[in-house]
Amino acid sequence: MAEQTASPQNTRAPRAQGAGMEKPDGAVVRDALGVGIAVGLSGFAFGVTSAGSGLTLLQTCALSLLVFTGASQFALVGALAAGGNPYTAAAGAFFLGIRNAFYGLRLSQLLAVPRFLRPLAAHWVIDETTAVTLAQPARRAARIGFTVTGLTLYVLWNLTTLVGALGAEALGDTDAWGLDAAGPAVFLALLAPMLKSTTERVAAGLAILLALGLLPLLPAGAPVLVSALAAPLVLFLKGRDKSATDDTATEGAQPGEGR
């Protein structure tokens, strides 16, 4: 009787869950376009910043076409603008961009892209496409969100990069216009909404303190690399605090009590 009673419940549950997970394609496209357009327009700030740091128009456009990860691009041109060593600047950009490899591990399972398309899809694995893709309830919606976000952002980012670089050349000295602050401002605007938990905010705050404190002591570009140590340090201290709390709870438990 128990098996006969449980069987209809198990049969109905997946159908109910699947029905609730459906999302219209139009809604996915609308959300993806919103993200792609909003972030793609910030490529203008990168073009201005890159041209102001001394990179040529060809070099600026090549960075957006081939690197295509805004944080890494801003980090690279920012370090160069500050007079940093090109190798140090490239290392900072690399460590910022390596997070996309971890995004790819998750998205490869979710999207199940055909093997011959994976190199192209990997180029679009960035913060924005990952966020839109993971927010979708089903594989079809995830594929649509990833494709529309990636295509919109890639095209618009490269176009606005070109416009920004051309505009910076026409303006002349970007420092005189205060446009050298455009890159960091945009980067902070993109980063701030991602800091949702207390741990993330503490790690970000410690990274800022490390970077500012080491700025007069280390070569340009190096403080950014050192500030990356804030994340493992905060996670280590959080783990120790949790272990201490667990030990206290265990000592306070009466003999024979389960946890």
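This is a short tutorial dialogue on reading a few features of a predicted model.

Biologist: Let's begin with the overall picture. How many helices and strands are in the chain?

Modeller: The chain has 15 helices and 0 strands. Of its 259 residues, 31% are buried. Its accessible surface is about 15600 Å², and carbon and sulfur atoms hold 68% of that.

Biologist: And what share of the contacts with a separation of 6 or more comes from residues 24 or more positions apart?

Modeller: That share is 73% in this chain.

Biologist: Now a single helix. Which residues of helix 4 are buried?

Modeller: Start with the general idea: an α-helix has 3.6 residues a turn, so residues three or four places apart point the same way. Here, helix 4 covers residues 57-66, and its buried residues are Thr60, Cys61, Leu63 and Ser64. They sit on the same side of helix 4 because they span an arc of only 150 degrees around the axis.

Biologist: What about Leu58 and Leu66, buried or exposed?

Modeller: Both Leu58 and Leu66 are exposed, on the other side of helix 4. Have a look just past the end of helix 4 too: Phe68 there has a positive phi of about 50 degrees.

Biologist: Why is helix 9 described as largely enclosed by the rest of the structure?

Modeller: For burial, the cut-off is under 20% relative accessible area. Helix 9 runs over residues 127-134, and 6 of its 8 residues are buried, so the rest of the structure largely encloses it. The buried ones are Asp127, Glu128, Thr129, Thr130, Val132 and Thr133.

Biologist: Let's try one residue on its own. Where is Ser72 found, and is Ser72 buried or exposed?

Modeller: Ser72 belongs to helix 5, residues 70-81. Its relative accessibility is 2%, so Ser72 counts as buried. To see what surrounds it, skip the neighbours within four places in sequence: Ser72 then contacts Ala93, Leu96, Gly97 and Arg99.

Biologist: Over to the surface, then. Which residues form the nonpolar patch?

Modeller: Phe94, Phe95, Ile98, Phe102 and Leu105 make up that patch, and together they have about 570 Å² of accessible area. Helix 6 (86-97) and helix 7 (99-111) each contribute at least two of the patch residues.

Biologist: Where is Ile98 found?

Modeller: Ile98 lies in the loop between helix 6 and helix 7.

Biologist: Why is Ile98 called partly exposed?

Modeller: Partly exposed is the range between the buried cut-off of under 20% and the exposed cut-off of over 50%. Ile98 has a relative accessible area of 36%, so it counts as partly exposed.

Methods
Residues numbered from 1 in each chain as written. Predicted model: local features only at pLDDT ≥ 70, side-chain atom pairs only at ≥ 80, totals over all residues. Heavy atoms only, no water. Patch = residues over 30% accessible without salt bridge, like charges linked within 9 Å, V, L, I, M, F, W, Y side chains within 5 Å. Areas by Shrake-Rupley, 256 points an atom, 1.4 Å probe, with all protein chains shown as cover. Salt bridge = Lys/Arg side-chain N within 4 Å of Asp/Glu carboxyl O. Helix = DSSP H or I, 4+ residues; strand = E, 2+ residues; numbered from the N terminus. Buried < 20%, exposed > 50% of the residue type's maximum accessible area, 1.4 Å probe, protein only. Contact = heavy atoms within 4.5 Å. Arc of directions from axis to C-beta.
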